[in-house]
Amino acid sequence: ASGSHFFWNPEKHGAVTGITSDANGIASINVPVFVAGTAKTSEVSLQIQHEDYIEVERDFAVQPKTARVSMQRGLKYRVRGIDASTGEPIRSRLYGEFSGRGGGNEWKQLDDGTLRSVAVTDERKALWLFHVPQEGPVQFSDVFLLSQLEGDQFEKNIPDMKLRPGHRLEGRLDDTVERPVKNGHVVLRACTSISDEARQLSWSDFATVNEDGSFLFESVPRDCILMMVAVCDGALSGAALTDELAAAGVPSEDYRQFASASQAVPFVVRSRGDSSEVVIPMGPTATVTVKVVDQDNQPLAGARVAMWPNQVFPGFGSNMIGDAWSTAQLAILTEEERIRAFGSRLSENAVKDPILARVQRDGHQFYLGTSDKDGMVTLRSLPGSSDASMPLKTEMLVQRKGYKIPEAPDQFFGGNVPVNLVAGQTTELTVSMVPESASEGPKTNSEAAGATKE
């Protein structure tokens, strides 16, 4: 709708369920007329899967009401994972991941332990396996290049792959962060390559930072580039320096991707050997204090204030600072658990499903606030400029049921207010709102970027 994509909301639109085509290959899908508010649904994104054919992901216009999809036969692979310490086949909780694009990344484990993939294209160049045991560290295989294989056009057997525990990474935030550390965590992305997507394999995880500043990743893939963003109350990790990128094995042509004036850029190391220790450099963050008032300049309680500071992982794009998920925990969910967990993530009531809490960390919740009886909201741990004369210019979203910001009456979800951010300083601003029925109101928000103070 309106050029934007929206998640399916199970509270409004019902549970997310798979639909199977009939004997004639026809599937019927009910689509909500309104995706959010008064915004009408104009397109839907569909994922169409069949284990013998290459997965199709496309956007379809809701008008006309029929669409034809052609699916192509693809390659399927079979492989066994072997525990390197025992020599025995791994018969449960074994998973595979392809590099590149072209077909799904789903695997089925047979009773004898063999993994069988869905159909993919030959653009999938590499593979690794991982095992999530009931107890103990995650195990990984080495990377296998699929170009080594010969055989049938549509199904190929991969030699047995041995798995062993990954690299153990212990770390701490540097001493500039005041102890005890509060609300700290580290987001990790491991990968075999930054830019070579055809051979790029990746792994995601997150860890809580203890009050003494320490954290632990018990098992991550070996010999990989490890990118990390750490955040806690009042501090955010710094970007890797050029010599650190070189030491981690990042090609020089990828260095430019590790620079951003507005996004948190990761610190980078390489997972060599069985284990290592790391100290993450940290810097101060900005704070915003907002007072929301009504047309009579009286405090307005119950207004929701949101910001969306981003972290960027080169080669993978950007998302909210603090957003993280665990590849291992996601892999072991059943289909029913996935639907239940991710349905709760999209709930308007923001109910935290205990399953989802193990799988991911939602950074959005840390950059949301609701005004109190005095109309006050404070958002912390925001990236800011180190130069007060050139603050980081960004925006915040302010919403209140029954109210609007005069300068933005046509916004679906409230109004955007400009904000200037300086690291180590607090920006104070006032946001005026008027009843939705009002045609005019105070025109003060054009200067809402606010003043900063130490």
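Two strands count as paired here if DSSP finds at least two bridges between them, and the strands themselves are DSSP runs (E, at least two residues), numbered from the N terminus, as are the helices (H or I, at least four). With that in hand, strand 32 and strand 34 are an antiparallel pair joined by 7 bridges.

This is a predicted model, so local features need pLDDT of at least 70 and side-chain atom pairs count only at pLDDT 80 or more, while totals for chains, interfaces and linings use all residues. Residues are numbered from 1 along each chain as its sequence is written, and side-chain values use heavy atoms, with hydrogens and water left out.

**View 1. The whole protein, before zooming in.**
The protein has 37 strands and 5 helices. Of its 454 residues, 44% are buried, where buried means under 20% relative accessible area, exposed means over 50%, and partly exposed is in between (1.4 Å probe, protein chains only). The accessible surface adds up to about 23800 Å², and carbon and sulfur atoms own 47% of that; these areas come from the Shrake-Rupley method with a 1.4 Å probe, and for residues only the protein chains shown count as cover. Take the contacts (heavy atoms within 4.5 Å) between residues at least 6 apart in sequence: 66% of them join residues at least 24 apart.

**View 2. An open sheet of four strands.**
The strand order is 30-25-32-34, with antiparallel pairing. Strand 30 (368-370) and strand 34 (415-421) sit at the edges; each has a single partner strand, so one side of each lacks a neighbour in the sheet. From one strand to the next the twist averages 25 degrees, using axes that are lines fitted to C-alpha atoms (for helices, over the stretch in contact) and angles that run from 0 to 180 degrees between N-to-C directions. Inside the sheet, 3 bridges hold strand 25 (residues 304-306) against strand 32 (residues 392-399), and Ala-306 faces Leu-397 across that pair. On the strand 34 side, look for Thr-394 opposite Val-419. Strand 34 is an edge strand, yet 5 of its 7 residues are buried, so the rest of the structure largely encloses it.

**View 3. Met-390, out on a loop.**
Met-390 belongs to the loop between strand 31 (376-382) and strand 32. Its relative accessibility is 59%, so Met-390 counts as exposed. Leu-421 is 31 residues away along the chain, with 9.1 Å between the two C-alpha atoms.

**View 4. Thr-289 and a parallel pair.**
Thr-289 is part of strand 24 (residues 286-293), and at 16% relative accessibility it is buried. Leaving aside residues up to four places away in sequence, Thr-289 touches Met-376, Val-377 and Thr-378, as well as Thr-426, Thr-427, Glu-428 and Leu-429. Arg-380 is 91 residues away along the chain, but its C-alpha atom is 8.7 Å from that of Thr-289. Strand 24 runs parallel to strand 35, and 7 bridges join the two. One spot to check is Val-293, which stands opposite Ser-432. Strand 35 (residues 426-432) is mostly covered, with 5 of its 7 residues buried.

**View 5. A hairpin between strands 3 and 4.**
Just 2 residues make the hairpin connection from strand 3 to strand 4. The strands, residues 43-50 and 53-61, run antiparallel and share 7 bridges. Val-44 lines up opposite Phe-60.

**View 6. Aromatic rings in pairs.**
The whole structure contains 7 aromatic pairs. The rings of Phe-215 and Phe-217 have centres 6.0 Å apart and planes at 75 degrees, so they make an edge-to-face pair. To pair at all, rings of Phe, Tyr and Trp (its six-membered ring) need centres within 6.5 Å; planes under 30 degrees apart are stacked, over 60 edge-to-face and the rest tilted. Phe-215 and Phe-217 are both buried. Elsewhere, ring pairs link Tyr-95, Trp-128, Phe-130, Phe-140 and Trp-203 into a cluster.

**View 7. Cysteines without a disulfide.**
A disulfide is a covalent bond between the sulfur atoms of two cysteines. The cut-off used here is a pair of cysteine sulfur atoms within 2.5 Å, and the structure has 0 disulfides. For Cys-224, the closest cysteine sulfur is that of Cys-191, 6.9 Å away and too far for a bond. Cys-224 is buried at 0% relative accessible area, and Cys-232 is buried too, at 2%.
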